Amino acid sequence: LVDAVTTVPQQRILARFHPNDRDRIHAAINDCMAPSGAGQIAIEFRIVLPDGTTRWLDVRKRVHFDNSASSRKPLRSTMVARDVAQEKLLQSELIENRERLTLAMQSARMGAFQWEPDTDIAQWDDQWSAVIGVDKDAPKTGQTVFNLVHPDDVAWRMAATPKVSGTQPEHRREYQIHRPDGTVAGWAASG
């Protein structure tokens with residue numbers, strides 16, 4: 001796969017490490033190279049290219065030791081580096097989008113609810129718990145939520161509830177719920 005071996009001076013490589021990551025990288029290298037160390041590195045860090053561009057790398061390194069001597073000594077190492085800058089960018093965007101969505105949902109007093117009719121298993125966030133007035137540690141089932149539906153809206157809720165996942169067309173409906181604290185609240189649902 002490689003026609004020629006390229007030798008790069010260690011100082012040239014070390015100079016590329018991002019200043020904020022250098023101590024962490026040096027510690028990982030020292031631990032990997034130590035006779036008592038694991039002999040392996042799996043680390044993500046930044047490098048700074050000559051043009052000033054910062055890139056993220058995922059580096060895996062394995063050190064091969066000479067175990068025949070009286071003390072274990074490193075002989076050679078094998079390293080693979082993968083550019084993960086795009087993954088890091090997407091990860092950062094995902095986190096930012098989630099934070100914006102959370103703020104918007106909190107401002108609108110909305111929550112996220114997902115339910116699998118086949119198993120009655122539900123998932124929801126803490127904001128959903130606050131909206132419907134149940135403890136965040138309440139059993140996460142559809143029944144927990146559907147038991148809150150006002151008696152006047154139960155028939156509609158039963159008709160709109162899919163019996164099997166994915167069998168019901170989208171719906172939008174407003175109805176009332178009885179929160180556990182006794183208050184009645186309007187609730188808009190879509191799905």
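## Gln123 and its surroundings

Gln123 is found in strand 5. This is a predicted model. Is Gln123 buried or exposed? Gln123 has a relative accessible area of 52%. The cut-off for exposed is over 50%, so Gln123 counts as exposed.

Which residues does Gln123 touch, apart from its neighbours within four places in sequence? The contacts are Ala112, Phe113, Gln114 and Lys140. Ala112 lies eleven residues from Gln123 along the chain. The C-alpha atoms of the two are separated by 8.1 Å.

## The hairpin of strands 4 and 5

Strand 4 covers residues 113-116, and strand 5 covers residues 121-124. The two run antiparallel and are joined by four bridges. Within this pairing, Gln114 stands opposite Gln123. Gln114 is also one of the contacts of Gln123.

Four residues sit between the strands of this hairpin. Asp120 takes a positive phi there, near 65 degrees.

## The chain as a whole

Six helices and seven strands make up the list of elements in the chain. Along the sequence, the pattern reads α-α-β-β-β-α-β-β-α-α-α-β-β.

The chain has 191 residues, and buried residues make up 27% of them. Take the contacts with a separation of 6 or more: residues 24 or more positions apart account for 32% of these.

## The three-stranded sheet

Three strands form an open sheet in the order 1-2-3, with antiparallel pairing. Why does one side of strand 1 and of strand 3 lack a neighbour in the sheet? Strand 1 (40-48) and strand 3 (73-83) stand at the edges, and each has a single partner strand, so one side of each is left without a neighbour. Neighbouring strands in this sheet are turned by 30 degrees against each other on average, direction ignored.

Strand 2 spans residues 54-66 and pairs with strand 1 over nine bridges, in the antiparallel sense. Two residue pairs help to locate this pairing. Gln40 has Arg62 of strand 2 as its bridge partner. Ile43 stands opposite Val59, again in strand 2. Strand 1 and strand 2 also form a hairpin, with five residues between them. In the turn, Gly52 has a positive phi of about 95 degrees. In a regular strand, side chains alternate between the two faces of the sheet.

## Helices on the sheet

Which helices pack on this sheet? Helix 2, residues 22-33, packs on the sheet and touches strand 1, strand 2 and strand 3. The direction of helix 2 makes about 155 degrees with that of strand 1.

Helix 3, residues 85-107, also packs on the sheet. Its contacts include strand 1, strand 2 and strand 3. The direction of helix 3 makes about 125 degrees with that of strand 2.

## The largest pocket

The largest pocket has a volume of about 870 Å³. Its lining counts 25 residues. Which of them are the closest to the centre? They are Val8, Ile13, Phe17, Lys61 and Met79.

Several elements give two or more residues to the lining: helix 1 (10-14), helix 2, strand 1, strand 2 and strand 3. Helix 2 and the three strands are also parts of the packing described above. By residue class, the lining divides into 17 nonpolar, five polar and three charged.

Conventions. Residues are numbered from 1 along each chain as its sequence is written. This is a predicted model: local features need pLDDT of at least 70, side-chain atom pairs count only at pLDDT 80 or more; totals for chains, interfaces and linings use all residues. Side-chain values use heavy atoms; hydrogens and water are left out. Two strands pair if DSSP finds at least two bridges between them. Axes are lines fitted to C-alpha atoms, for helices over the stretch in contact, and angles run from 0 to 180 degrees between N-to-C directions. Contact means heavy atoms within 4.5 Å. On a 1 Å grid over the protein atoms alone, a cavity is a set of points where a 1.4 Å probe fits but cannot get out, and a pocket is an open set with protein on both sides within 12 Å along at least five of seven lines; lining residues have an atom within 4 Å of a point. Grid points are joined across faces, edges and corners, and a volume is the space filled by probe spheres set on the points. Ala, Val, Leu, Ile, Met, Phe, Trp, Tyr, Cys and Pro count as nonpolar, Asp, Glu, Lys and Arg as charged, and the others, Gly among them, as polar. Buried means under 20% relative accessible area, exposed over 50%, partly exposed in between (1.4 Å probe, protein chains only).
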